[in-house]
Amino acid sequence: METGTRWLSPEQQVAWRAYLLGTARLMAKLDDDLRRFGIGINDYEILVRLSESPDRRLRMADLADRLHQSRSRLTHTVGRLEAADLVRRTSCTSDKRGVWAELTEAGFSLLEQAAPYHVEGVRENLVDLASAEDFAAVGRVFDSVSEHVGQR
């Protein structure tokens, strides 16, 4: 029966399943590694994005967009980070409806402690397992995916 569906070839199916399982295991491993610092991978990404921003702060809406998270999920996560004194929220003076998420000194200090350990985990569990060419190909593929999916 012809359905018009473009089924994956056996080789594509193997690659797809390897991607799903590998990504799930990698993210779980990186998350587990960061738990020794009292944060998870999503918390870490928030701290990184804030640390890389001017004045170590971003508007909450911009942060949600950069992390591809819903605003309600980000609000909940930032609330936990705020309770731990890693992030603070402040009102945007130019737009009374806007809210800044700012990295605190304690948050920056924690990031400085966790980052070397996290980067080593990324290297050990992903980067060093691939040739430079294969790793560059992964980057190109996911740049294409981001562009394609972002257009929808």
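## A tour of the aromatic pairs

Begin by selecting tryptophan 16, which counts as partly exposed at 43% relative accessibility. The model on display is a predicted one.

Next, add tyrosine 19 to the selection. Both tryptophan 16 and tyrosine 19 belong to helix H1 (residues 10–34), where they stand three residues apart, about one turn of the helix. Tyrosine 19 is likewise partly exposed, its relative accessible area being 34%.

Now select phenylalanine 142 and display its ring together with that of tyrosine 19. The centres of these two rings are 5.6 Å apart and their planes lie at 25 degrees, so the pair is stacked; planes under 30 degrees apart count as stacked. Because tyrosine 19 lies in helix H1 and phenylalanine 142 in helix H6 (residues 132–150), the pair ties together parts that are 123 residues apart in sequence. Phenylalanine 142 is partly exposed, with 35% relative accessible area.

Widen the view to the whole structure, which holds three aromatic pairs. One of them is formed by tryptophan 16 and tyrosine 19, which are stacked with 5.6 Å from centre to centre and 25 degrees between the planes. With Trp16, Tyr19 and Phe142 shown together, the cluster into which ring pairs link them can be inspected.

The last stops concern arginine side chains over rings. Select arginine 56 and phenylalanine 108: arginine 56 lies over the face of phenylalanine 108, 3.5 Å from the ring centre. Then move to arginine 57, which lies over the face of tryptophan 100 at 3.8 Å from the ring centre.

Definitions and conventions:
Residues numbered from 1 in each chain as written. Predicted model: local features only at pLDDT ≥ 70, side-chain atom pairs only at ≥ 80, totals over all residues. Heavy atoms only, no water. Phe/Tyr/Trp six-rings, centres within 6.5 Å; stacked < 30°, edge-to-face > 60°. Helix = DSSP H or I, 4+ residues; strand = E, 2+ residues; numbered from the N terminus. Buried < 20%, exposed > 50% of the residue type's maximum accessible area, 1.4 Å probe, protein only. Lys NZ or Arg CZ within 6 Å of the ring centre and 35° of its normal.
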